[in-house]
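Reader: I have just opened this one and would like to be walked through it slowly. Could you start wherever you think is sensible?

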Amino acid sequence: MPGEDTLRAQYEAYPYPARDPADEARRLVTGSPSHLAEIVHYLRGGRQVAGRFRALVAGGGTGDGAIMLAQQLADAKAEAEVVHLDLSRASARIAEARAKARGLTNMRFVHGSLTELDTLGLDRFDYVDCCGVLHHLEDPPAALCGLAGALTDDGGIGLMVYGTLGRTGVYPAQQALRLLGNEAGPAAKVALARRLLGDLPESNWLSRNSFLADHLHGDDAGLYDLLLHSRDRAYLVPEV
């Protein structure tokens, strides 16, 4: 199975999701998990964040979750630190530029893997965000245990992993692309994937899956992450 060097190379070539720091002047990307309202409701029983609050965004990519939470905590005038951890320097540079564009001073950027968390000296966190990351790792349960071990006694985790049913059509396409161009470079793989998409019949499972439209018809980073990723898995609810 591909190791972390392969994952790092992918996200150096195609930082994900594709973001332009200049866009921070016109909008804040929000979502789930890690919206401050979710943390207040589910983790703190409706109590607003007070006192020192530390959050880790494990596998923060180009920064959506970390920027959202840091901005919301800043708006709430909370004494907080949001640590963005990622193995891709290219992705982190984009996240840092987004934070700078917003004037956020409550963020810290750390280069590394969440699988090495116990060696990074980051101390413990009141909240951990791990969104769209565990399913790319060699041993997701072990990584999750490591994240849980980094929590304070009353801390919590916001977690997202791929759902099997929602990714209907993805894995046959991934397998076909590996057979067709496994030795090709990143740009050639993207071109091959776009050719395949152009030739798929409307009856194909991937063509009929409307939940994947943004990845299929958007930028190269999204397409690579969906169809050309070196390692991902999906889960049914009992497996989670």
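Author: Let me begin with one residue, keeping in mind that this is a predicted model. Ile157 has a relative accessible area of 31%, and because buried means under 20% and exposed means over 50%, Ile157 counts as partly exposed.

Reader: Where does Ile157 sit, and which surface patch does Ile157 help to make?

Author: Ile157 belongs to strand 5, which covers residues 151–160. Together with Leu144 and Leu159, Ile157 makes a nonpolar surface patch of about 190 Å².

Reader: Changing topic to charges, how many salt bridges are there?

Author: The count comes to 12 salt bridges. One of them is formed by Asp64 and Arg19, whose closest N and O atoms are 2.7 Å apart. That pair links distant parts of the chain, since Asp64 is in helix 3 (residues 64–75) while Arg19 is in the loop between helix 1 and helix 2, 45 residues apart.

Reader: And are those two buried or exposed, or somewhere in between?

Author: They fall into separate classes: Asp64 counts as buried at 17% relative accessibility, whereas Arg19 is partly exposed, with a relative accessible area of 27%.

Reader: What about Arg102 and Glu24, how do their side chains meet?

Author: The side chains of Arg102 and Glu24 meet in a salt bridge, with 2.6 Å from N to O. Arg102 lies in helix 4 (residues 89–102) and Glu24 in the loop between helix 1 and helix 2, so this pair ties together parts that are 78 residues apart in sequence. Glu24 has a relative accessibility of 6%, and therefore counts as buried.

Reader: Which residues are linked in a network of salt bridges?

Author: The network links Arg19, Asp23, Glu24, Arg26, Arg27, Asp64, Arg98 and Arg102.

Reader: Going back to strand 5, which residue does Asp153 meet in a salt bridge?

Author: Asp153 meets Arg124, at 3.3 Å from N to O. Asp153 is in strand 5 and Arg124 is in the loop between strand 3 and strand 4, so to speak a link across distant parts of the chain, 29 residues apart. Asp153 is exposed, with a relative accessible area of 76%, while Arg124 is partly exposed at 39%.

Reader: Anything to note in the backbone, say, where are there cis peptide bonds?

Author: A cis peptide bond joins Tyr16 and Pro17, with omega about -10 degrees, and another joins Ser32 and Pro33, with omega about 0 degrees. Pro17 lies in the loop between helix 1 and helix 2, and Pro33 is placed in the loop between helix 1 and helix 2 as well.

Reader: And what is the phi of Lys77?

Author: The phi of Lys77 is near 55 degrees, a positive value in a residue other than glycine. Lys77 is in the loop between helix 3 and strand 2, and counts as exposed at 76% relative accessibility. Asp123, also not a glycine, has a positive phi of about 65 degrees; Asp123 is in the loop between strand 3 and strand 4.

Reader: Last topic: what is the volume of the second largest pocket, and what lines it?

Author: The second largest pocket has a volume of about 260 Å³. Its lining has 18 residues, and Asn182, Lys189, Tyr224, Leu228 and Ser230 lie nearest the centre. The lining divides into 8 nonpolar, 8 polar and 2 charged residues. Helix 6 provides the largest share of that lining, with 4 residues.

How values were computed
Residues are numbered from 1 along each chain as its sequence is written. This is a predicted model: local features need pLDDT of at least 70, side-chain atom pairs count only at pLDDT 80 or more; totals for chains, interfaces and linings use all residues. Side-chain values use heavy atoms; hydrogens and water are left out. On a 1 Å grid over the protein atoms alone, a cavity is a set of points where a 1.4 Å probe fits but cannot get out, and a pocket is an open set with protein on both sides within 12 Å along at least five of seven lines; lining residues have an atom within 4 Å of a point. Grid points are joined across faces, edges and corners, and a volume is the space filled by probe spheres set on the points. Helices (H or I, at least four residues) and strands (E, at least two) are DSSP runs, numbered from the N terminus. Ala, Val, Leu, Ile, Met, Phe, Trp, Tyr, Cys and Pro count as nonpolar, Asp, Glu, Lys and Arg as charged, and the others, Gly among them, as polar. Patches are made of residues with over 30% relative accessible area and no salt bridge: like charges are joined within 9 Å, nonpolar side chains (Val, Leu, Ile, Met, Phe, Trp, Tyr) within 5 Å. Accessible areas come from the Shrake-Rupley method with a 1.4 Å probe; for residues, only the protein chains shown count as cover. A salt bridge is a side-chain nitrogen of Lys or Arg within 4 Å of a carboxyl oxygen of Asp or Glu. Buried means under 20% relative accessible area, exposed over 50%, partly exposed in between (1.4 Å probe, protein chains only).
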